[in-house]
Amino acid sequence: MAKVKGDIVIDIEKCKGCELCIAACPQGTLEKSKHVNQKGYLYIVKVEDNCTGCANCALVCPDAVITVYRQTSKAKQQVAKISNVTGDLTVTVKE
Amino acid sequence: MSEKKMLDDQHYEEMIQEESICINDNIVYEAPKSALYDTPMHYCPGCGHGVVHRLLAEVIEEMGILNDVIGVAPVGCSVLAYNYLNIDMSEAAHGRASAVATGIKRVLPEKLVFSYQGDGDLAAIGTGETIHTCNRGENILIIFINNGIYGMTGGQMAPTTLPDMKSTTSPFGRDVITMGAPLKMTDLVAQLPGTYYVTRQSVHKPTNVRKMKKAIQKSFEYQKQNKGTCFIEVVSNCPSNWKMTPVESNKWLEDNMLPYYPLGDLKTPDGK
Amino acid sequence: MKELKLMKGNEALAEAAIRAGCDAYFGYPITPQSEVLEYLSREANNRTGMTVLQAESEIASINMVYGAAGTGKKVMTSSSSPGISLMQEGISYIACAELPCLLVNVNRGGPGLGTIQPAQGDYFQSVKGGGHGDYRLIVLAPSTVQEMADFVGLSFELAFKYRNPVLILTDGALGQMMEKVELKPQMSREFKELEWATTGRKNGNGRVITSLHLKPDEMEVLNHHLQKKYREIEKNEIRYQAINCEDADYIIVAYGLVARICQKSADLAREKGIKVGVFRPITLFPFPYQQLKEVASNKKGILDVEMNSGQMIEDVRLALEGSVPVRFHGRMGGIVPSPEEILDKLEEKFIGGAV
Ligand SMILES: Cc1ncc(C[n+]2csc(CCOP(=O)(O)OP(=O)(O)O)c2C)c(N)n1
Ligand code: SF4
Ligand code: SF4
Ligand code: SF4
């Protein structure tokens, strides 16, 4: 059975690397980066593609760094509408 | 994995769905945009102040009360809250936030007024103002950040510091014989007829964050109905002065603070 | 038609506050000014809807004033010396945040708990700052019950004109004294939104009332701004009274109630053939340095009389820069000097003895 598909976007420059999101994530999606941001903090990155969009990470984040997305059927239609690209594209898809 | 050459839109659409769901319609959580400035906060990494600020901003936006709210932030780590919350705000002298909030509310009764106070502020130097504001049942929301320590001044003992807890002014641990037991202000104000809704919350876990948000929402609703003082204690952390990592501090909070300051409602409208 | 009433100073002041359209009063009882709170509790709310709140302390009162004044409403408090001492932190915040409001000190004898009798021992505290940091209050010193009433409206006017707290510095005797007052008609409490005031966000950006500027260069800029404002106040707002000073050989300088007693002394002196005039600063900040200097030039001597150990005399000396001999007579602890006593001292210090 397919899991709920979620994703997050991290505003790495605002992240202070406190790791509270890592601790709050039930999926183990997040890890600390090996790089520092401009403020000198080791920011957070997504290391697994298993996010369910539960928003736990965003809820506990003291710096309002994380935006959480979850796939909905309504959103699928939206995607269909906005993609109107022509031309050659080489992309990688999973099989 | 295989590489495919795709020329038609049909395939491309599928690819987008597969690759990114990060589009506006899919947002389930994003930082408040109108009530919170898009600026980094000065708080230490992992400090609960940031979460509570964000929740305040979320509620203010969702309730559409951006132009009706006036906040008061007294001296303490959160004195610069007005740099983060995009609403009308007043700084206050150490301990005097609830008096300042009283002054505002009394001349602008139709506005929604809240104070945002630390434990040193609310439970030590401002004890008198806190109790009398609650006793008069001023129609305001008091948010009380209890991190068991003086954050801004570098980790001195607060009235809420736990027994045996070390601070820079209780270097051998708080001795309750000479320094008194930690003051449970929330229990105290719950006894006063002027308070309408008194609750103790935390923001160290997602479920608690959700409950805290509800508590703020309710408090503003009650204030709109002129019900009296709403008082929310937030048992919070101070990783810097507790000398722990944020994750450790939340664990410590759960193991040590919560047994002394149990979470939950102390006074609700239906008397439960 | 004139509305004349026989009233106590404190009550006249309270009545004037109602009529000036004052929006809120926050205070705490202390003798000899409790009548202000009592009168307002009785009269204000049902007449104009004005908020009157007895706070739990003067510290709470002044911070309620700070909060309410931050909304741009007309707000005031009153107290007497020990209570005013408690308010100093709040007053400093108010001055720094540039909030208009009216403060009233019905001065009693100190230091400490002191006495409930009238005194002027709070001059330094009132005009030199009082709380921490470089700030000034506009300080008005009434000498009659009429002025106790008149200065209320004037204070609000000045407070809003300069965004600065204004202090009426009076004393226990004036507060308790009954005199005839002509009362001004009732002004409306119509509220004009001010662009800086925190009344709920207006144009998408939160406004802030604060006295905190952590960066030293910003704090210095703010201080320069305050000082510029104080210079402006000094330029525009000096008020004083010079009574029979033109032909006088001697000038008595005194403020408040004492100035009135000194007028009696001057009358007695003239009966005796000694030409004495009285110079009464009405604004203690800004102090009428230049005006006093002009009035006192070529006089034989200046007697400064105060109900303290000599505080305003420092400003009198600053004004005169040694050009005229200055002597002092003061009573302390709540004792009011008599006209005869003052004349005796003047004669003793300038005419009888060697100067
Ligand atoms: C009259 C006065 N006394 C002392 C201080 C110094 N001071 C600033 S913040 C603070 C304590 C802050 O602790 P708390 O209220 O718990 O807030 P936190 O910083 O922990 O968030 C103290 C003692 C002050 N600013 N004013
Ligand atoms: S909780 Fe927020 S600030 Fe902390 S590490 Fe995660 S994203 Fe960064
Ligand atoms: S949304 Fe949930 S699953 Fe996804 S990263 Fe955040 S906590 Fe983990
Ligand atoms: S000192 Fe403590 S309370 Fe203050 S910002 Fe840092 S962690 Fe938070």
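A residue counts as near a molecule if one of its heavy atoms lies within 4 Å of it. With that in hand, the surroundings of the ligands in this predicted model can be read off. Ligand 3 has 13 residues around it, and the nearest of them are Cys25(A), Cys51(A), Cys54(A), Ala55(A) and Cys57(A). Sorted by class, this shell holds 8 nonpolar and 5 polar residues, with no charged ones. As for its place in the protein, ligand 3 sits in the second largest cavity.

Which cavity is the largest? That title goes to the space taken by ligand 2. Cysteines turn up here too: Cys15(A), Cys18(A), Cys21(A) and Cys61(A) are among the residues surrounding ligand 2. The rest of the ring around ligand 2 is made up of Lys16(A), Gly17(A), Glu19(A), Ile44(A), Pro62(A), Val65(A) and Ile66(A). By class, the shell of ligand 2 comes out as 8 nonpolar, 1 polar and 2 charged residues.

The residues named so far belong to chain A, so a quick look at that chain's build is useful. Chain A contains 3 helices and 5 strands. Starting at the N terminus, these elements follow the order β-α-β-β-α-β-α-β. Chain A has 95 residues, and 44% of them count as buried. Taking the contacts in chain A with a separation of 6 or more, 56% are between residues 24 or more positions apart.

How do the chains meet? There are 2 pairs of chains in contact, and chains A and B share the most contacts. Chain A and chain C, on the other hand, are not joined by any contact, and their closest C-alpha atoms lie 19 Å apart.

Ligand 1 is found elsewhere, between chains B and C. It has 17 residues around it, of which Cys77(B), Asp119(B), Gly120(B), Asp121(B) and Gly151(B) come nearest. Some of these approach oxygen atoms of the ligand. A polar side-chain atom of Asp119(B) is 2.3 Å from an oxygen atom of ligand 1. With Cys77(B), it is a polar backbone atom that lies 2.8 Å from an oxygen atom of ligand 1. Gly151(B) likewise offers a polar backbone atom, 2.8 Å from an oxygen atom of ligand 1.

Staying with chain B for a moment, Asp164(B) has a phi near 70°, which is a positive value in a residue other than glycine. Asp164(B) belongs to the loop between strand S8 (156-157) and helix H6 (176-179) of chain B. Buried or exposed? Asp164(B) is exposed, since its relative accessible area is 62% and the cut-off for exposed is over 50%.

Over in chain C, helix H1 (residues 9-19) is largely enclosed by the rest of the structure, because 10 of its 11 residues are buried. The buried set includes small residues by name such as Gly9(C), Ala12(C) and Ala14(C), along with Glu15(C) and Arg19(C). After H1(C) comes Gly21(C), with a positive phi near 80°.

Another buried spot in chain C is Asp315(C), part of helix H12 (residues 312-320). Why does Asp315(C) count as buried? Its relative accessible area is 1%, and buried means under 20%. The side chain of Asp315(C) also makes a polar contact, at 2.6 Å, with the side chain of Tyr123(C). Leaving out residues up to four places away in sequence, Asp315(C) touches Val127(C), Lys128(C), Phe287(C) and Tyr289(C) as well as Tyr123(C).

Past H12 the picture changes. Glu321(C) lies in the loop between H12 and strand S15 (326-330) of chain C. This residue is exposed, with a relative accessible area of 59%. Its phi, near 45°, is positive even though Glu321(C) is a residue other than glycine.

Chain C also has some cis peptide bonds. One runs from Gly110(C) to Pro111(C), with omega near 0°. Pro111(C) is in the loop between strand S5 (101-107) and helix H6 (123-127) of chain C. Another cis peptide bond joins Phe285(C) and Pro286(C), where omega is about -5°. Pro286(C) is likewise a loop residue, placed between strand S13 (283-285) and helix H11 (289-296) of chain C.

Methods. Residues are numbered from 1 along each chain as its sequence is written. Chains are lettered from A and ligands numbered from 1 in the order in which they are written. Side-chain values use heavy atoms; hydrogens and water are left out. On a 1 Å grid over the protein atoms alone, a cavity is a set of points where a 1.4 Å probe fits but cannot get out, and a pocket is an open set with protein on both sides within 12 Å along at least five of seven lines; lining residues have an atom within 4 Å of a point. A molecule sits in a cavity or pocket if more than half of its atoms lie within 2 Å of its grid points. Ala, Val, Leu, Ile, Met, Phe, Trp, Tyr, Cys and Pro count as nonpolar, Asp, Glu, Lys and Arg as charged, and the others, Gly among them, as polar. Helices (H or I, at least four residues) and strands (E, at least two) are DSSP runs, numbered from the N terminus. Buried means under 20% relative accessible area, exposed over 50%, partly exposed in between (1.4 Å probe, protein chains only). A polar contact is a pair of N or O atoms within 3.5 Å; within protein, one must be able to donate a hydrogen and the other to accept it, and residues adjacent in sequence count only if both atoms are side-chain atoms. Contact means heavy atoms within 4.5 Å.
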